[in-house]
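Okay, thanks for coming, everyone. I'd like to talk about charged pairs today, so let's get the model up on the screen.

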Amino acid sequence: MRSARDDQLVRPTVEDEVAAAGSELIGGPVGRRALIGAHWWTPVRVIALMAIGMFALGMVQKLPCYDHGWFFGATTQYTHACYSDIPHLYNGRGFDQGLIPYLDRIPQSVGGGMDYLEYPVLTGLFMEVAALFTPSAGSLQHREQLYWFVNAGMLLACTAVIAVCVARTHRRRPWDALLVALAPAVALTATINWDLFAVALTAAAMLMWSRGRTVLSGVLIGLAAAAKLYPVLLLGPLLVLCWRAGRLRAFLTAAGGAVAAWLAVNLPLMFTHDATGFHIREGWAKFYTFSQARPVDFGSLWLFISERTGDPLNDVNVYATLLMILGCLGLGALALRAPRRPRFAQLAFLVVALFVLVNKVYSPQYVLWLVPLAALARPKWRDFLVWQACEVLYFLAIWFYLAYNGSGDKHQGLPTEAYQLAIVVHLLGTLYLCALVVRDIIKPERDVVRRDGSDDPSGGVLDGAPDIFVLGSARRERHAEPSEGTRVAWGTGSHDA
């Protein structure tokens, strides 16, 4: 039986001072007698509409490029900070010629040395579907504009899915999804690339896990990993948390669903057959070989080190892999030694943040991977906005840096030293949020989500489960199995179920 407290929504304007101050623009904090959700304007619908509105503002910000910058002028798309891969790759990957991704080789004169599409298969499918909906009549510029517009419409749908999934993952905290809906970095980076598709699948996977739908959650993780690599990292936190809670069967179910879904969409393109037998298809493998071979690139720690030392860092794959392994081991130890089992969203955010921090490239749109996880892991407006400020600063810095290097002797934009400083700020902003999440794990009484007595609202089968396997001091503080009809006193208080 659900109590009235279970159905009472947490009001951010009551518990968050920044949210309360911001609410003054629309009349002040909501009162305790307000009829929230008693009419059509439910929190989820409001959040979805706000996310759509912010996405639309991001499209408006791209207008200088849509009308001119993508097609004319060496640096116009950089000085207006409106660059996007989408229109350039319509021609650059042969979509305007009807080439089929992974099967048809891209001519050298078109791909500029990229002989096959360098994206995972579901992102390639997304791009191909958008190309099919793009009219074939008119000039190339006109078709590139339409291709971007079609993709923007599809990515808008992904944005709405993300907002709804985040709003529904924590049942009593739907308003935390406003962090996603109003994130300025999301509006600015939403149409740079196709990342929102994988982010939407990942958000849906976390929602399904929170509802105990382990098989479907695993399937969605597998599909997300077939669109971008990073979602597979979520299986690591699930393994450690399920191990600590004695719920390994749930993890194995999700992992099996992820593997099956990934294979289902990849196998048809993985192999080619000739007289000598089956071989890995070169086009399908391009994403993996390209990721392995690419040098250090924009936004990364490694680019900063390389430029400051003059070392090209030819062994960067080894360094990045070692740091990723050590970081994952550290997160595993943290999860098993913490005084209370960390929440799924907390570990998910930390492992994805670790990945982007040690990666060879930290592109501006990678913030899209982190925003929904950050909203669930640390729903605190002040900290979120500090991080977003760092992301917006870097978003502007990279384009002005490219303008500086592309404007010849004029050097209009940001010089190298200033760009390097922006990289440092960018990395420190992400590390700042990571440090706060780690602190919440070590000191769970500081965790905003758990202040009302909740355990892990996004944890699904883990929510309220007792600890079975722990390390260190947590072993002495294990919670006993809750008796029937009561909930574990995880937070500041407990209540009857």
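Before we start, one bit of vocabulary: buried means under 20% relative accessible area, exposed means over 50%, and partly exposed is in between, using a 1.4 Å probe and protein chains only. This is a predicted model, so local features need pLDDT of at least 70 and side-chain atom pairs count only at pLDDT 80 or more, while totals for chains, interfaces and linings use all residues. Residues are numbered from 1 along each chain as its sequence is written, and side-chain values use heavy atoms, with hydrogens and water left out.

Right, salt bridges: that's a side-chain nitrogen of Lys or Arg within 4 Å of a carboxyl oxygen of Asp or Glu. There are 17 of them here.

Take Glu282 and Arg105, whose closest N and O atoms are 3.2 Å apart. Glu282 sits in helix H17 and Arg105 in the loop between helix H7 and helix H8, 177 residues apart. Helices, by the way, are DSSP runs of H or I with at least four residues, numbered from the N terminus. Glu282 is partly exposed at 42% relative accessible area, and Arg105 is partly exposed too, at 46%.

Now, Asp452 and Arg172: buried or exposed? Both are buried. Their side chains meet in a salt bridge at 2.1 Å, N to O.

Last stop, Asp455 and Arg450, paired at 3.1 Å, N to O. Asp455 is buried, with a relative accessible area of 1%, and Arg450 is buried at 3%. These two belong to a salt-bridge network that also takes in Arg244, Arg341 and Asp467.

Conventions: Helices (H or I, at least four residues) and strands (E, at least two) are DSSP runs, numbered from the N terminus.
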